[in-house]
Amino acid sequence: MKILIVEDEPKTGAYVRQGLTEAGFVVDLARDGMDGLHLGLTEDYDLMVLDVMLPSLDGWHVLQAIRKAGKHLPVLFLTARDHVDDRVKGLELGADDYLVKPFAFSELLARVRTLLRRGKSKEPEVLRAADLELDLLRRRVTRGGRRIDLTAKEFALLELLARRQGEVLPRSLIASQVWDMNFDSDTNVIEVAVRRLRAKVDDDFEPKLIRTVRGMGYVLEAPECG
Ligand code: CA
C-alpha cells in the first residue's frame, strides 16, 4: 500500500512518514502543494494525507485538481484550524476524512486504516442542478421529481453539461465527447440535440438550466439561490 503525504512542516512530515513506514506502508513525502499535486497525478497512490495550509498551492487546490483529473483515492485532510467551515469545504471538495492538528499518530493510523478498508472514493452516482437529478447508475433523469425520458445521446449530452456545470462548453468539445466526431462534420446535429434536450428538461420547468452562449457554446447552470 502506497501513501502520499503532503506536508510542509518538517517535523510533522517526518513524524508521519516514519510512523506510516513503520506500520508497513510505502510512503512518499511532498513538502509543498505543487510537488504534492505532481506526485498525486503521476504516481498511483492508495491514499493521500494532505495538509491544508501549504506553500505554492494549498491543500484545497491540490484536492480539487486531483479529483478533476479523475483520481478517486481516499484523501485525509490535516487541518490546524478547527473550523466547521474548513471541514465542510474539505468534504465538499471530495476529502474523505480530516484530522485536526495536533493529533496522536495512533489516531492518524486508525483513520488511514479505515479509509483504506473503505477503498477508493466512489464517483458521484447522482448529478444535481437545482431540481434536476441525473442518476448515473440507473441512467434516469428527473426534474422536480418528474421522470424525463431521454435518448442515449441526450443523456450523454446532459451528463457532460451537468458534470461541468457552470462551464461554457464549446460545440467542438461536445461534438468530440458525445458524438465522437469532428466539429466540422455537422454542427447542426448539436444544435438540434440541444434544442430537443431543452424541450424535455427546461420547457416545462423553472428555472431554465441550459443556456446558449452566443458564439461560444452551451452551459448548464442553476441560478444561485436566495
Ligand atoms: Ca502546513
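Me: Let me start with the word itself: a residue is buried when its relative accessible area is under 20%. Which residues of helix α7 are buried?

Reply: Keep in mind that we're looking at a predicted model. In α7, which spans residues 171–179, the buried ones are Arg171, Ile174, Ala175, Val178 and Trp179. They cover an arc of only 100° around the axis, which puts them on the same side of the helix.

Me: And what covers the buried residues of α7?

Reply: For contact, think heavy atoms within 4.5 Å. The cover includes three stretches of strand, β10 (169–170), β11 (210–213) and β12 (217–220), along with the helices α6 (152–163) and α8 (188–201). Right after α7 comes Asp180, with a positive phi near 55°.

Me: Those strands, then. What is the order of the open sheet of three strands?

Reply: Read a sheet by walking across it from one strand to its partner. Here the walk goes β10-β12-β11, with antiparallel pairing. β10 and β11 stand at the edges with a single partner strand each, so one side of each has no neighbour in the sheet. The pairing of β10 with β12 is antiparallel and runs over two bridges. If you'd like a residue to click on, Pro170 stands opposite Gly217 in β12.

Me: Which strands of this sheet does α6 touch, and at what angle does its direction stand to that of β12?

Reply: α6 packs on the sheet and touches β10, β11 and β12, with a direction about 70° from that of β12. α8 packs on the sheet too, touching β11 and β12, and its direction makes about 150° with that of β11.

Me: How do I read the open sheet of four strands, and what is its order?

Reply: Take the walk across again: β6-β7-β8-β9, with antiparallel pairing. The edge places belong to β6 (126–129) and β9 (146–148); each has a single partner strand, so one side of each lacks a neighbour in the sheet. Ignoring direction, neighbouring strands here are turned by 25° against each other on average. β8 (residues 140–143) pairs with β9 in the antiparallel sense over three bridges, and Arg143 stands opposite Arg146 in β9. On this sheet α6 packs against β6, β7 (132–135) and β8, its direction at about 115° to that of β7.

Me: Now a lysine. Is Lys101 buried or exposed?

Reply: Compare its relative accessibility with the 20% cut-off. Lys101 has 13%, which is why it counts as buried. You'll find Lys101 in the loop between β5 (97–100) and α5 (105–118).

Me: Which residues does Lys101 touch, leaving out those up to four places away in sequence?

Reply: The list is Glu7, Glu9, Asp51, Leu78, Thr79 and Ala80. For polar contacts, look at N and O atoms within 3.5 Å. The side chain of Lys101 makes one with the side chain of Glu7 at 2.8 Å, and another with the side chain of Glu9 at 3.5 Å.

Me: What kind of peptide bond joins Lys101 and Pro102?

Reply: Check omega. Between Lys101 and Pro102 omega is about -5°, and the bond is cis. Pro102 sits in the loop between β5 and α5. There's also a cis bond joining Glu206 and Pro207, with omega about -10°; Pro207 lies in the loop between α8 and β11.

Me: Asp51 was in that contact list. Which protein donors does the calcium ion have?

Reply: Asp8 and Asp51 each give an OD atom and Met53 gives its O, at 2.1 to 2.3 Å from the ion. Along the chain, the donors follow the spacing D-x42-D-x1-M. Asp51 counts as buried because its relative accessibility is 2%.

Me: Last one: what is the phi of Ser56?

Reply: Look at the sign, and at whether the residue is a glycine. Ser56 isn't a glycine, yet its phi is positive, about 70°. Ser56 is in the loop between β3 (47–51) and α3 (59–68) and, at 52% relative accessibility, counts as exposed. Arg139 is another non-glycine with a positive phi, near 55°. Arg139 falls in the loop between β7 and β8, and its 46% relative accessibility makes it partly exposed.

Conventions. Residues are numbered from 1 along each chain as its sequence is written. This is a predicted model: local features need pLDDT of at least 70, side-chain atom pairs count only at pLDDT 80 or more; totals for chains, interfaces and linings use all residues. Side-chain values use heavy atoms; hydrogens and water are left out. Buried means under 20% relative accessible area, exposed over 50%, partly exposed in between (1.4 Å probe, protein chains only). A polar contact is a pair of N or O atoms within 3.5 Å; within protein, one must be able to donate a hydrogen and the other to accept it, and residues adjacent in sequence count only if both atoms are side-chain atoms. Donors are N, O and S atoms within 2.8 Å of the metal (3.2 Å for Na, K and Ca); water is not among the atoms, so sites may look incomplete. The arc is that of the directions from the helix axis to the C-beta atoms. Two strands pair if DSSP finds at least two bridges between them. Axes are lines fitted to C-alpha atoms, for helices over the stretch in contact, and angles run from 0 to 180 degrees between N-to-C directions.
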